Amino acid sequence: MDDIDSAIVRELQRDARQTNRELARMLNIAPSTCLERVRALRARGVITGYRATVDLRALNRPVQALLTIRIRPMNREVIERFKTFLTSLPEVLNVYVVAGGDDFLVHVAVPDLDRLHTLLMDSVFKRREVVDCRSSVIYQHVANDVIGPLPPNGPQGG
């Protein structure tokens with residue numbers, strides 16, 4: 001990716017609804033060049049889609065938590081089945097299969113602590129493969145809205 005590709009990706013992350021002409025004007029390139037670059041970024045899999053960001057409170061999900069889960073036996077079939085189970089739960093936002101002391105990190109959003117408790121007791125703990133689950137309520141959440149490429153050799157300077 002060159003500087004123009006990086007700028008296109010950065011600007012589309014800031015506002016994916018802008019027109020090709022607006023994007024081209026912002027980057028001081030021709031609209032035809034801009035369109036060609038965006039198409040190439042999609043074809044290379046750099047841009048994988050466009051989505052709307054939603055307010056979880058407006059969807060009656062003001063309480064967020066991270067669940068750390070350990071399962072046994074540890075094999076591909078059990079992992080795949082458990083991932084499928086987790087992603088079928090409406091409270092689940094993201095599922096990560098991780099290394100270390102835990103096997104899964106699960107981001108959930110629910111209306112209240114009672115619903116979190118119900119999720120744990122009536123769904124997660126009922127699974128035979130679950131040997132441990134801990135929950136941490138999220139007080140605050142921040143994210144980088146714009147993600148750019150990293151230098152190949154790590155951070156420079158000090």
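How many helices and strands are there in the chain? The chain holds five helices and four strands. Before we walk through them, please keep in mind that this is a predicted model.

**The overall layout**

If you follow the sequence from its start, the elements come in the pattern α-α-α-β-α-β-β-α-β. The chain has a radius of gyration of 21 Å, whereas a compact globule of 158 residues would have one near 15 Å. Measures along the principal axes add to this picture: the C-alpha trace spans about 60 × 40 × 35 Å.

What share of the 158 residues counts as buried? The figure is 30%. The accessible surface of the chain comes to about 11100 Å², and carbon and sulfur atoms account for 50% of that. As for charge, the chain has 22 positive and 19 negative charges, and the mean positions of these two groups are 3 Å apart. Contacts that reach along the sequence are worth a look too: among those between residues at least 6 apart, 62% join residues at least 24 apart.

**How the strands fit together**

Let us start with strand 3, which runs over residues 104-110. Why can strand 3 be called largely enclosed by the rest of the structure? Six of its seven residues are buried, so the rest of the structure largely encloses it. For this count, a residue is buried when its relative accessible area is under 20%.

Strand 3 has strand 1 (residues 63-71) as an antiparallel partner, with seven bridges between the two. Strand 3 also pairs with strand 2 (residues 92-97), again in the antiparallel sense, and here there are five bridges. Strand 2 and strand 3 form a hairpin, and six residues lie between them. In the turn of this hairpin sits Gly 100, with a positive phi of about 110°.

Strand 1 is mostly covered as well, with seven of its nine residues buried. Besides strand 3, which it meets over seven bridges, strand 1 pairs with strand 4 in the antiparallel sense over eight bridges.

If you would like to find these pairings on the structure, the residue pairs below are handy places to begin.

| Residue | Residue opposite | Strand of the residue opposite |
|---|---|---|
| Leu 66 | His 107 | strand 3 |
| Leu 67 | Val 106 | strand 3 |
| Val 97 | Phe 104 | strand 3 |
| Ile 71 | Val 130 | strand 4 |

A general point helps when you look at side chains here: in a regular strand they alternate between the two faces of the sheet.

**Backbone spots to check**

Most residues other than glycine have a negative phi, and most peptide bonds are trans. A few places in this chain depart from that. Which two residues does a cis peptide bond join? They are Arg 72 and Pro 73, and omega is about -5°. Pro 73 lies in the loop that links strand 1 to helix 4 (76-88).

Asn 28 is not a glycine, yet its phi is positive, at about 60°. You will find Asn 28 in the loop between helix 2 and helix 3 (31-43). Is Asn 28 buried or exposed? With a relative accessibility of 72%, Asn 28 counts as exposed.

Asn 60 is another residue other than glycine with a positive phi, in this case near 60°. Its place is in the loop between helix 3 and strand 1.

**Two residues and their surroundings**

Glu 22 belongs to helix 2 (residues 20-27). Its relative accessible area is 36%, so Glu 22 is partly exposed. Cys 34 is twelve residues away from Glu 22 along the chain, and the C-alpha atoms of the two are separated by 10.0 Å.

Towards the other end of the numbering, Pro 149 is placed in the segment after strand 4 (130-138). Pro 149 has a relative accessible area of 56% and is therefore exposed. Which residues does Pro 149 contact, once its neighbours within four places in sequence are left aside? They are Met 1 and Ser 6. Val 9 is 140 residues away from Pro 149 along the chain, and their C-alpha atoms are separated by 9.7 Å.

Key: Residues numbered from 1 in each chain as written. Predicted model: local features only at pLDDT ≥ 70, side-chain atom pairs only at ≥ 80, totals over all residues. Heavy atoms only, no water. Buried < 20%, exposed > 50% of the residue type's maximum accessible area, 1.4 Å probe, protein only. Pairing = 2+ DSSP bridges. Rg over C-alpha atoms; globule rule 2.2 N^0.38 Å. Contact = heavy atoms within 4.5 Å. Areas by Shrake-Rupley, 256 points an atom, 1.4 Å probe, with all protein chains shown as cover. Lys, Arg positive; Asp, Glu negative; His and termini not counted. Charge placed at Lys NZ, Arg CZ, Asp CG, Glu CD.
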